[in-house]
Structure formats: structure tokens, C-alpha cells
Amino acid sequence: QLRVDRAMAEVAGAAERSATSRLLPSVDLQSGWVRSDDPVAVFGTRLRQGAFTQADFDLNTLNRPAPLTDWSTAVTATWTLLNPAGWAGSSEAGSRATAASWSLQRSTEATHLATEALYLDLLRTEARVEAAIRTEEAAQANADLFTRREAQGLLTRADLLQAESDRAHASAVKIQAERARHDAAQSLALFLGWTPGRLPAPVDSLSPESGAAIESPTSADVAPVSRRADLRARQAELDAARASRRRAKAAWLPSVVASGRYGIHSADIFGSSGENWSVGVALRWHVFSGAGRLAESTRTRAELRIAETLYAQAVNEAMAEIESAARAVH
């Protein structure tokens, strides 16, 4: 959960940068090829190319021009100077980022406290197991003593049966204590993001592992629980996060747009005195968008880490449930 909260704080920070980027100018680059016999397009293109001649003013040429090819490259910069909604959005995103930062701090404190509580609970169950072992040993020794005295005629059969009952009860208490110790160790392991097969061993002091991170399950781990609906839902969310990450990366690349047009114009509703066509291909690239794409990249990267963490934890918890059920049966 702490890893998720850290990523959520990063998402909030990216949202703040994205909101701020909308207040900055943007720069676009477009380069393309167009060929058309549309009179308006041909006339305008010749103007832009600066290639007009006296012959181009012939009426027949103006009405029915020959197809003209145009290669163009343009750089466009835009900046919204007055943007009250953008300013309010930036302020809102900043407040949400501040809230996420404080939430992360509280989550960190709660994680430390919960870890220590789970650790102390594990120590408590360890002590219960040791006490149960001593009790079982004492009950076993008492039952052996009663067996010898019963053989000597010093005790009755009822006394021996009572001693055997006490020994059996002590064994049952030890089994329960060992199960409680295993459950406490497994709870701490899951809280730390470990796989169910790895259990913590109590030591004299609490010291965090350097670079500790949630363990990603292997395909062998997932196989027994892969059909569970909750894991399928987590897998779908993980796939969506991966696709979102790919989309954010692709946003840095230019796009290629093809276009075509065929038109009929006439003063009569059923006429077709003027026909023209245009085809073109253009390359468009958002050179700068106020760091908005960088913020989006950060956001999708953090959301992918969240999806990976939640999926891994769901698998670990499912495997722990299966192991706990198997131990209860045995």
C-alpha cells in the first residue's frame, strides 16, 4: 500500500505539471504534400508560392486550372494569454498534489506503526509456541511418571487417563500456537510485499531492508489461481496500464495524415459545372506542449507501477489463502 501511495503522490505531481503546462505556449511543426485542381486552392497556393504570372489571370485558367502541387512546411506557436479556467485548474492540481504529499507522509507513519505491531505480534506467538512446547514436555514427563506409578500400583487407571488427557491437550495447544505463529509470520510477510513461501524470522531489532520491494509472482505462482475473477480483473487493469504507458510514449512521435476530397459546385442545385479534387499527405509533430507530454509520461509510468504492485499483491494474497486453507485441512 505504501508503494501505491508513493505512486499516487507521483501521479498527483504529474497532474499538477500537466495543468501548469496548459498555461504555457505550444509549438507545432507540419510538413506536407498537396495536389489539387480546386480553383480556390490553386489560386491560394500560387499566392503562397509567389509564382503568379500574367497568364494565370486568363479566365479559363482561373475557372479550370491545371492540377498544382504544393510542398509546405510550417511552424506554429500558440499561447493563450488570458486563461482563468487554466489558472484555476493549476491551483486545484497544486492543492491535490499537496494533499497527496501529506497523505503519503501519514501512510508512511502508519506503515511503520503497522509493521512494528505485526512484528511484535509475531514475537508474541513465538513466545506462545515456546511456552506450549515446555507445557507439552512437562505433560509428557508427567504422563510417563504416572504410567510408571500406575504399573507399580501407586495410582489408579483414572489418574493415568487424566495425565494422558493433559498431555493430549498440551499437544493440541502447541499445534494451535504453531499455526498462530505461522499466520502471524505470513501476515507480516504479506504486509511487507513478500511471497507466501517466504516468512520473516524474528531478530533482536527492527531494521528495514535496503531497496526492499514487493516481489513479483512467477507464472508458476499465478497458475493455481489464474482463473479467479479478482485476479483477472487485476490483470485487465495491468494490461490497460501497459497500453496507457505505450500511448504516452507514442505521443512523442510525429503523426502522418492522408486526406482526399472530391467536390461538385454549381449555381443550379442539379448542375455540375464545377468539379475539383484534392489529395494530400502531411506530417504533424507537436514539438513543444508546455511539458504536458512529460507529465503524462510520468503519470502513466506511476500508474503502471501501481497496477503491477496491486496485481502482485493480489496473487500473493490468493496464494496465502490457499496455503492457509491447506494447513487448516491438515
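# Reading helices, a sheet and ring pairs

Modeller: Let's start inside: the residues of α1 that are buried pack against α4 (84-151) and α8. Keep in mind that we're looking at a predicted model.

Biologist: Okay, which residues of α1 are buried?

Modeller: Quite a list: Leu-2, Val-4, Asp-5, Ala-7, Ala-9, Val-11, Ala-12, Gly-13, Ala-14, Ser-18, Ala-19 and Ser-21. "Buried" here means under 20% relative accessible area.

Biologist: And what span should the 20 residues of α1 have?

Modeller: Use 1.5 Å a residue: helix α1 (residues 2-21) should then span 28 Å, and its end C-alpha atoms are 29 Å apart, which agrees. Try that on α7 (residues 229-250): with 22 residues, this helix reaches 31 Å from first C-alpha to last, close to the expected 32 Å.

Biologist: While we're on α7, where do its buried residues fall, seen down the axis?

Modeller: First, who they are: Leu-231, Leu-238, Ala-241, Ser-244, Arg-245 and Ala-248 are the buried ones in α7. Looking down the axis of α7, you find them within an arc of 135°, so they line one face of the helix. What they pack against is α8 (292-329). Over on the other side of α7, Ala-229, Arg-232 and Arg-246 are exposed.

Biologist: Now sheets. In what order do the four strands come?

Modeller: The general idea: strands of a sheet pair through backbone hydrogen bonds, either parallel or antiparallel. In our case four strands make an open sheet, ordered β2-β1-β4-β3, and the pairing is antiparallel. At the edges you have β2 and β3 (255-265), each with a single partner strand, so one side of each has no neighbour in the sheet. On average, neighbouring strands of this sheet are turned by 20° against each other, ignoring direction.

Biologist: How many bridges join β1 to β2?

Modeller: Eleven, between β1 (residues 26-36) and β2 (residues 68-78), running antiparallel. If you want a landmark, take Ser-31, whose bridge partner in β2 is Thr-73.

Biologist: And how many bridges are there between β1 and β4?

Modeller: Ten, with β4 covering residues 274-288, again in the antiparallel sense. Two landmarks help here: Leu-29 stands opposite Trp-285 in β4, and Val-27 stands opposite Phe-288 in β4. Then β3 and β4 pair over eleven bridges, antiparallel too. There, His-265 stands opposite Gly-274 of β4, while Val-256 has Leu-283 of β4 as its bridge partner.

Biologist: Which strands does helix α2 lie across?

Modeller: Helix α2 (residues 39-49) lies across β1, β2 and β4, and runs at about 70° to β2.

Biologist: Next up, rings. How many aromatic pairs does the count come to?

Modeller: The idea is simple: a pair of aromatic rings is described by the distance of the centres and the angle of the planes. The rule wants centres within 6.5 Å, and the count comes to three aromatic pairs. In one of them, Trp-33 and Trp-71, the ring centres are 6.5 Å apart and the planes at 55°, so the pair is tilted. This pair links distant parts of the chain, 38 residues apart: Trp-33 sits in strand β1 and Trp-71 in strand β2.

Biologist: Does Trp-71 count as buried or exposed?

Modeller: Exposed, at 67% relative accessibility. Phe-52 and Phe-57 form a stacked pair, with 5.3 Å centre to centre and 25° between the planes. As for the accessibility of these and the other Trp, Trp-33 is partly exposed at 25% relative accessible area. Phe-52 is partly exposed at 25% as well, and Phe-57 is partly exposed at 46%. Ring pairs also link Phe-43, Phe-52 and Phe-57 into a cluster.

Biologist: One last residue: what does Leu-190 touch?

Modeller: Leu-190 is in helix α5 (residues 157-191) and counts as buried, at 15% relative accessibility. Leaving out residues up to four places away in sequence, Leu-190 touches Gln-313, Asn-316, Glu-317 and Ala-320.

Biologist: And how far apart in space are Leu-190 and Ser-72?

Modeller: C-alpha to C-alpha, Leu-190 and Ser-72 are 61 Å apart, with their positions 118 residues apart in sequence.

Technical notes. Residues numbered from 1 in each chain as written. Predicted model: local features only at pLDDT ≥ 70, side-chain atom pairs only at ≥ 80, totals over all residues. Heavy atoms only, no water. Expected span 1.5 Å × (residues − 1). Buried < 20%, exposed > 50% of the residue type's maximum accessible area, 1.4 Å probe, protein only. Arc of directions from axis to C-beta. Contact = heavy atoms within 4.5 Å. Pairing = 2+ DSSP bridges. Axes fitted to C-alpha atoms, helices over the stretch in contact; angles between N-to-C directions. Phe/Tyr/Trp six-rings, centres within 6.5 Å; stacked < 30°, edge-to-face > 60°.
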